[in-house]
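Me: I've got a model open and I'd like to practise reading it feature by feature. Could you walk me through it?

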Amino acid sequence: MQAAFAELRQQLAGDGPLAEASYVIVRELPAGDWGYGGRTQQARKAALAA
């Protein structure tokens, strides 16, 4: 969380202050709900298992 907040501060505030109540939220998504290159992570995992 500290590293994520530090990155937010750098990206959003540069050298200035960032409100302490700037939130970092981590959401775990099911493998069928995300991916890249037109394939879900679930499909990639299934292809490796086959």
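Me: Let's start with burial. What share of the 50 residues of the protein counts as buried?
Reply: Keep in mind that this is a predicted model. Buried here means under 20% relative accessible area, and 4% of the 50 residues of the protein meet that. The exposed surface of the protein comes to about 4600 Å², with carbon and sulfur atoms supplying 55% of it.

Me: How do I read the fold, and which order do the elements run in from the N terminus?
Reply: Count the elements, then follow the chain. The protein has 2 helices and 2 strands, and from the N terminus on they go α-β-β-α. The radius of gyration is 17 Å, well over the 10 Å that the globule rule gives for 50 residues, so the protein is more spread out than a compact globule. The C-alpha trace spans about 50 × 20 × 15 Å along its principal axes.

Me: Now single residues. Where is Asp33 found, and is Asp33 buried or exposed?
Reply: Place the residue in its element, then check its area. Asp33 belongs to the loop between helix H1 (2–13) and strand E1 (35–36). Asp33 is exposed, because its relative accessible area of 55% passes the 50% cut-off. From Asp33 to Pro17, 16 residues apart along the chain, the C-alpha separation is 35 Å.

Me: And what about Val24, where is its place?
Reply: Val24 also lies in the loop between H1 and E1. Val24 has a relative accessible area of 23%, which makes it partly exposed. Its C-alpha atom is 9.4 Å from that of Gln2, and the two are 22 residues apart along the chain.

Me: How many aromatic pairs does a search of the whole structure find?
Reply: A pair of aromatic rings is described by the distance of the centres and the angle of the planes. Here the search of the whole structure turns up 0 aromatic pairs.

Me: Then which ring does the charged end of Arg44 sit over?
Reply: That would be the ring of Tyr36, with the charged end of Arg44 3.7 Å from the ring centre.

Me: Last one: how far apart are the mean positions of the positive and negative charges?
Reply: Take each set's mean position and compare the two. For the 5 positive and 5 negative charges of the protein, those means are 13 Å apart.

Methods
Residues numbered from 1 in each chain as written. Predicted model: local features only at pLDDT ≥ 70, side-chain atom pairs only at ≥ 80, totals over all residues. Heavy atoms only, no water. Phe/Tyr/Trp six-rings, centres within 6.5 Å; stacked < 30°, edge-to-face > 60°. Lys NZ or Arg CZ within 6 Å of the ring centre and 35° of its normal. Helix = DSSP H or I, 4+ residues; strand = E, 2+ residues; numbered from the N terminus. Rg over C-alpha atoms; globule rule 2.2 N^0.38 Å. Buried < 20%, exposed > 50% of the residue type's maximum accessible area, 1.4 Å probe, protein only. Areas by Shrake-Rupley, 256 points an atom, 1.4 Å probe, with all protein chains shown as cover. Lys, Arg positive; Asp, Glu negative; His and termini not counted. Charge placed at Lys NZ, Arg CZ, Asp CG, Glu CD.
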